[in-house]
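The exercises below are meant to be worked with the sequence and the model side by side. Each task is followed by a solution that proceeds in steps.

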Amino acid sequence: MELTAIQITGLLAILGATVYAVGDVLLLAGKVSLDDYPKLKPFAKLLSDAEKMVVLSPARMIWGALVGVFATPLILLGFWHVYQGLGGGNVWAVGATVGLFGIASVIGAFVHGTFYFMGEYIQALNQVEEKSQPIIAAMIERHKKVLIITYVPVLIFIIIASILFSSLVASGKPSFPIWMAGINPLTMTIAWLIGKRILPQFVRDWTEGAGFNIAFMAFFICTTITLWN
């Protein structure tokens, strides 16, 4: 069977979201106790649970950052796939939906990649002499400000694009079935946050930080299935 461009890009988007989620797990999954790291304990509020990166190997952090960044083009192909499925809808609304998703993915790749440097800062904070720690702590504080500045538009764009997607599908004009109006990255993220409560603790621990990309994986699985024919 010869696959069409829509089918191929849907499958690539699923692959991209899966790889991206693996990158999240490599960077963010794990647990540590600050009691085991007395040099980090005074900075508990600053670290805000990021102290778990202190136990990650450099190789794990590097690959965790890179696989997410290099998965982004596959996600962008997925939005072309979504664009095809939204054909027939209002041209401006379709353009805004796909454009906002795409912009969020590009900015999100930067956000994801910077977690490598956050991990390096935290490990340095644990290794340097106490008199040098304020210098590293100031670097972490500035890094967190950059994360906030970039995270906020990513979240806003995904929320707006998700609402637009559902509104377009609900109009009945695109190729997606009406029930897909209830499926978008926002609703899939909410479903994941609620559904993971019933999962075993080890599954929750090892998918920590990957919620967004698990949601995109579920979203692209649904769009690929519904557009397969």
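**Exercise 1: A loop asparagine**

Asn-90 is partly exposed, with a relative accessible area of 46%. In this predicted model, determine where Asn-90 lies and which backbone atoms its side chain reaches.

Solution. Begin with the class of exposure: buried means under 20% and exposed means over 50%, so the 46% of Asn-90 places it in between, as partly exposed. Next, locate the residue along the chain, where Asn-90 belongs to the loop between H3 and H4. Then follow its side chain, which comes to 3.0 Å from the backbone nitrogen of Trp-92 and to 2.9 Å from the backbone nitrogen of Ala-93. Finally, for a distance across the sequence, take Pro-185, which is 95 residues from Asn-90 along the chain and 20 Å from it in space, C-alpha to C-alpha.

**Exercise 2: The span and the bend of H3**

Check whether the end-to-end distance of helix H3 (residues 58-85) agrees with its number of residues, and find where H3 has a kink.

Solution. With 28 residues at 1.5 Å a residue, H3 should span 40 Å, and because its end C-alpha atoms are 41 Å apart, the two values agree. Along the helix there is nevertheless a kink of about 30 degrees at Thr-72, shortly before the proline Pro-73. Thr-72 is also one of the buried residues of H3, a list that includes Gly-64, Gly-68, Ile-75 and Phe-79. To see what surrounds them, trace the packing partners of the buried residues, which are helix H1 (5-28), helix H4 (91-127), helix H5 (133-170) and helix H8 (211-227).

**Exercise 3: The loop between H2 and H3**

Establish which side chain of opposite charge is nearest to Glu-51, and give the sign of phi at Ser-48 and at Asp-49.

Solution. Glu-51 lies in the loop between helix H2 (44-47) and H3, and although it is buried, it has no salt bridge, the nearest side chain of opposite charge being Lys-52 at 8.0 Å. Leaving aside residues up to four places away in sequence, Glu-51 touches Val-32, Leu-34, Leu-40 and Ile-122. For the backbone, recall that most residues other than glycine have a negative phi. In the loop between H2 and H3, Ser-48 has a positive phi of about 50 degrees, and Asp-49, in that loop as well, has a positive phi of about 85 degrees. Both count as partly exposed, Ser-48 at 47% relative accessibility and Asp-49 at 37%.

Note on methods: Residues numbered from 1 in each chain as written. Predicted model: local features only at pLDDT ≥ 70, side-chain atom pairs only at ≥ 80, totals over all residues. Heavy atoms only, no water. Helix = DSSP H or I, 4+ residues; strand = E, 2+ residues; numbered from the N terminus. Expected span 1.5 Å × (residues − 1). Bend = angle between axes of the 7 residues up to and from the residue. Buried < 20%, exposed > 50% of the residue type's maximum accessible area, 1.4 Å probe, protein only. Contact = heavy atoms within 4.5 Å. Lys, Arg positive; Asp, Glu negative; His and termini not counted. Salt bridge = Lys/Arg side-chain N within 4 Å of Asp/Glu carboxyl O. Polar contact = N/O pair within 3.5 Å; in protein donor to acceptor, adjacent residues only side chain to side chain.
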